[in-house]
Amino acid sequence: MCIRADLCDDLDWIFTLPPIELTERDQKLIALLRQNARRPVSEIAAILATSRQTMQKRIDRLVELNVIQRFTVEVSEDVSPAATGTFTVMFTLNLRQSTCSRVFAAIRNWPELLQCWSIAGDRDMVTLFEFQNHSETDVMREKLSRHADVVEVTTSHILKKWK
């Protein structure tokens with residue numbers, strides 16, 4: 001029996017864990033990391049009036065619980081995507097029915113996935129991926145298309161990020 005839906009091949013069910021309760025200190029920690037994910041743990045600990053070791057354990061725990069999913073770098077919009085060696089692609093999905101949670105459970109741990117939204121309107125889901133080369137776009141499009149709940153995939157290459 002599979003306990004975590006993201007590790008299961010059979011996505012007919014999704015095991016839902018209760019929501020994680022964040023303390024006020026957790027919320028402040030996350031806010032500080034959003035401002036600057038490279039901020040030293042010792043500085044965060046000083047701001048939150050706790051020890052560096054305690055703060056490091058708390059960060060590790062939030063990562064383990066998947067509250068903090070990744071630490072990232074934002075590149076200035078003045079730098080061209082070619083200079084960073086990556087580019088961003090948006091896939092818009094039409095689904096058979098309201099199965100966004102099943103599709104998300106299948107793709108949530110794909111390292112190329114940046115963002116994913118359920119949307120209202122003539123499309124059901126929007127995903128944002130980052131790739132190192134253009135051939136990865138075709139591979140990912142095919143991978144998404146093979147999901148049993150996906151009817152149609154539309155691909156849009158992001159040319160410039162404004163904000």
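These legends accompany several close-up views of a predicted model.

**View 1. The whole chain, with its helices and strands in order.**
Let us start with the overall layout of this predicted chain. The chain contains six helices and four strands, and along the sequence they follow the pattern α-α-α-α-β-α-β-β-α-β. Of its 163 residues, 28% count as buried. The chain exposes about 11,400 Å², and carbon and sulfur atoms supply 51% of that area. Take the contacts between residues at least 6 apart in sequence: 62% of them join residues at least 24 apart.

**View 2. The largest nonpolar core and the elements that build it.**
This view goes to the largest nonpolar core, which has 17 residues. The residues with the most contacts inside this core are Phe 91, Leu 93, Phe 129, Phe 131, Met 140 and Leu 144. Two or more core residues come from each of strand E1 (87–95), helix H5 (100–107), strand E3 (125–131), helix H6 (135–145) and strand E4 (150–157). E1 gives the largest share, five residues. Apart from this core lies another one, of 12 residues, including Leu 33, Ala 45, Leu 48 and Ile 59.

**View 3. Phe 129 and its neighbours.**
Here we stay with one residue of the largest core, Phe 129. Which residues does Phe 129 touch, leaving aside those up to four places away in sequence? Phe 87, Thr 88, Val 89 and Phe 91 are among them, and so are Trp 110, Glu 112, Leu 113 and Leu 114. Met 140 and Leu 144 complete the list; both of these are buried residues of H6.

**View 4. Helix H5 and what covers it.**
Now for the helix H5, whose buried residues are Cys 100, Val 103, Ala 105 and Ile 107. What covers these buried residues includes E1, strand E2 (113–118), E3, H6 and E4. Arg 102, also in H5, counts as partly exposed at 25% relative accessibility; its salt bridge is shown in View 7.

**View 5. Helix H6, with a buried side and an exposed face.**
Thr 137, Met 140 and Leu 144 are the buried residues to look for in H6. They cover an arc of only 70° around the axis, so they lie on the same side of H6. An α-helix has 3.6 residues a turn, which means that residues three or four places apart point the same way. The buried residues of H6 pack against E1, H5, E3 and E4. What does the face turned away from the buried side of H6 carry? Look there for the exposed residues Asp 138 and Val 139.

**View 6. A salt bridge between helices H1 and H3.**
Side chains of opposite charge can pair when their charged atoms come close. A search of the whole structure finds seven salt bridges, and one of them joins Arg 58 to Asp 26. Their closest N and O atoms are 2.6 Å apart. Arg 58 sits in helix H3 (residues 52–64) and Asp 26 in helix H1 (residues 24–35), so this pair, 32 residues apart, links distant parts of the chain. Is each partner buried or partly exposed? Asp 26 counts as buried because its relative accessibility is 1%, under the 20% cut-off. Arg 58, at 27%, counts as partly exposed.

**View 7. Two salt bridges that involve loops.**
In the pair formed by Asp 149 and Arg 102, the closest N and O atoms are 2.8 Å apart. Asp 149 lies in the loop between H6 and E4, and Arg 102 lies in helix H5, 47 residues apart. With a relative accessible area of 7%, Asp 149 is buried. The other pair is Arg 123 with Glu 152, whose side chains meet at 3.2 Å, N to O. Arg 123 is in the loop between E2 and E3, while Glu 152 belongs to strand E4, and 29 residues separate them. Arg 123 is partly exposed, with a relative accessible area of 22%, and Glu 152 is partly exposed at 37%.

**View 8. Lys 160 beside Thr 88.**
The last view shows Lys 160, found in the segment after E4. Lys 160 is partly exposed because its relative accessible area is 40%. Lys 160 and Thr 88 are 72 residues apart in sequence, and their C-alpha atoms are 9.2 Å apart in space. Thr 88 also appears in View 3, where Phe 129 touches it.

How values were computed
Residues numbered from 1 in each chain as written. Predicted model: local features only at pLDDT ≥ 70, side-chain atom pairs only at ≥ 80, totals over all residues. Heavy atoms only, no water. Core = buried A, V, L, I, M, F, W, Y, C linked by side-chain atoms within 4.5 Å. Buried < 20%, exposed > 50% of the residue type's maximum accessible area, 1.4 Å probe, protein only. Contact = heavy atoms within 4.5 Å. Arc of directions from axis to C-beta. Areas by Shrake-Rupley, 256 points an atom, 1.4 Å probe, with all protein chains shown as cover. Salt bridge = Lys/Arg side-chain N within 4 Å of Asp/Glu carboxyl O.
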